[in-house]
Amino acid sequence: MSVIGVVSMKGGVGKTTTTANLASALAIKLGRGSVSVLDLDPQNALRWHLGLPDTQQGVCDLSRRGGDWRQVAFPSPFNVLCLPYGQADEIGRMAFEDVLEQHPRWVSDQLDRAGLKQNALVLIDTPPGPSVYLRQVFACADFILVVLLADAGSYATVPAMQTWRADASATRPNLGVYYVLNQVDRSDPLNRDTAAFLHQQLVSCICPVDIHGDEAVGEALAFTQPVLQYEPHAQASLDMTRLATWVLDMLNR
Ligand SMILES: Nc1ncnc2c1ncn2[C@@H]1O[C@H](COP(=O)(O)OP(=O)(O)O)[C@@H](O)[C@H]1O
Ligand SMILES: [Mg+2]
C-alpha cells in the first residue's frame with residue numbers, strides 16, 4: 001500500500017479538490033479497486049467530489065465504536081473507494097480526536113486492516129494547519145503533497161511546513177514531501193511571478209506540474225463529479241492527469 005497525504009497550513013487552497021481529482025486521475029490509470037480516499041477533515045466534504053452526497057457514516061463515528069473501517073468504504077461511481085469522515089457533532093469529533101491522540105498510529109493500523117489491495121494507493125485529505133490529523137498523516141504517509149496557492153499568504157506558510165518536514169525526516173528519512181501549486185493563473189502577472197518565485201525557492205521539492213485555476217473544477221463539484229469526468233479536455237483535467245503520472249513516477253509505480 002502507498003499512502004499519499006494531501007496537506008496545507010492554509011484553508012481554501014484546494015486540498016479536498018486535489019485529493020478527489022488526483023484520485024480519479026490515478027483510478028483511470030490504475031483501474032477499479034486500486035485507489036481509495038480517506039477523509040480526515042471534519043468538514044466531511046470529500047465525498048461530494050466523488051458523487052456520494054448522502055453518506056452519513058464515516059471513520060469518525062466508527063473509530064469511537066471500535067468498528068472496522070471496511071464498513072464505511074463506499075464505492076464511488078468513479079472507481080475510487082471513499083472512506084468519509086462522516087457527520088459528527090462536537091462530542092463525536094472530540095472523542096475521535098482523543099482516540100487519535102492516544103494512538104499515534106491509529107490511521108495506519110486501520111488502513112492495514114481495511115481490506116484494501118496490497119498495492120492500493122490511498123490518498124488522505126486533511127484539515128488546514130497543525131492538528132492531530134496532520135500528525136497521523138505524517139506518521140503513515142509515504143508521500144506528502146503540500147498544496148499552495150501562488151500568493152504571498154501561501155508563501156508565508158512555507159517555513160511552518162518545512163519544520164514539519166524536517167521533524168518528520170528525523171524518524172522517516174524516506175518520506176517524500178513535495179509542494180504543488182494550485183489555481184495558477186498565468187494571465188495574472190502577480191500570480192505568474194509568484195508561481196515562478198515559488199518554483200525557484202522550492203526547486204527540488206516542488207512538483208513540476210502546476211494545477212491551473214479552471215472554472216470547470218467548480219462546475220464539476222456542482223455536479224458532484226471529478227473534473228476529468230465532467231470535462232475531460234479541461235485544462236485542470238489535463239493537469240490532474242499529468243500530476244497523476246508524476247506521482248506514480250515519484251512512487252516508482
Ligand atoms: N484548480 C482549481 N480551479 C478552480 N477552482 C478551484 C481549484 N481548486 C480548488 N478550487 C476551488 O477552491 C475552493 C476551495 O477548494 P477546497 O478543495 O475546498 O480547499 P481546501 O480543501 O484546501 O479547503 C473550492 O470552491 C474549489 O472549487
Ligand atoms: Mg478541504
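## Exercises on a seven-stranded sheet and its helices

In S6, phenylalanine 143 is the bridge partner of isoleucine 4. The model is predicted, so local features need pLDDT of at least 70 and side-chain atom pairs count only at pLDDT 80 or more, while totals for chains, interfaces and linings use all residues. Residues are numbered from 1 along each chain as its sequence is written, and side-chain values use heavy atoms, with hydrogens and water left out.

**Exercise 1. Work out which strands S1 pairs with, and in which sense.**

Step 1. Strands are DSSP runs of E with at least two residues, and helices are runs of H or I with at least four, both numbered from the N terminus; two strands pair if DSSP finds at least two bridges between them.

Step 2. S1 and S6 are joined by 4 bridges in the parallel sense, and S1 and S5 pair, also in the parallel sense, over 5 bridges.

Step 3. Isoleucine 4 has leucine 123 as its bridge partner in S5, and leucine 123 in turn stands opposite valine 37.

**Exercise 2. Place these strands in the order of the whole sheet, and name its edge strands.**

Step 1. The open sheet has 7 strands in the order S3-S4-S2-S5-S1-S6-S7, with mixed pairing.

Step 2. The edge strands, each of which pairs on one side only, are S3 (74–75) and S7 (176–182).

Step 3. S6 and S7 run parallel and are joined by 7 bridges, with valine 146 having tyrosine 179 as its bridge partner in S7; S2 runs parallel both to S5, over 5 bridges, and to S4, over 4 bridges.

**Exercise 3. Decide whether S5 and S6 are enclosed or not, and say which way their residues point.**

Step 1. Buried means under 20% relative accessible area, exposed means over 50%, and partly exposed lies in between (1.4 Å probe, protein chains only).

Step 2. S6 is largely enclosed by the rest of the structure, because 7 of its 7 residues are buried; Phe143, Leu145, Val147 and Leu149 point one way, and Ile144, Val146 and Leu148 the other way.

Step 3. S5 is likewise largely enclosed by the rest of the structure, because 5 of its 5 residues are buried; Leu121, Leu123 and Asp125 point one way, and Val122 and Ile124 the other way.

**Exercise 4. Describe the surroundings of threonine 19.**

Step 1. Threonine 19 is found in helix H1 (residues 15–30), and it is buried, with a relative accessible area of 0%.

Step 2. A polar atom of the side chain of threonine 19 lies 2.7 Å from the backbone oxygen of lysine 15.

Step 3. Leaving aside neighbours within four places in sequence, threonine 19 is in contact (heavy atoms within 4.5 Å) with Val6, Val37, Leu46, Leu123, Ile124 and Asp125.

**Exercise 5. Describe how H4 and H6 cross, and which residues make the contact.**

Step 1. Axes are lines fitted to C-alpha atoms, for helices over the stretch in contact, and angles run from 0 to 180 degrees between N-to-C directions.

Step 2. The axes of H4 (residues 90–102) and H6 (residues 132–140) come within 10 Å and cross at roughly 35°. The crossing is left-handed, a term that applies if the near helix is turned anticlockwise from the far one by less than a right angle, with right-handed used if clockwise.

Step 3. H4 contributes Arg93, Phe96, Glu97, Leu100 and Glu101 to the contact, and H6 contributes Val132, Tyr133, Arg135 and Gln136.

Conventions: Chains are lettered from A and ligands numbered from 1 in the order in which they are written. A polar contact is a pair of N or O atoms within 3.5 Å; within protein, one must be able to donate a hydrogen and the other to accept it, and residues adjacent in sequence count only if both atoms are side-chain atoms.
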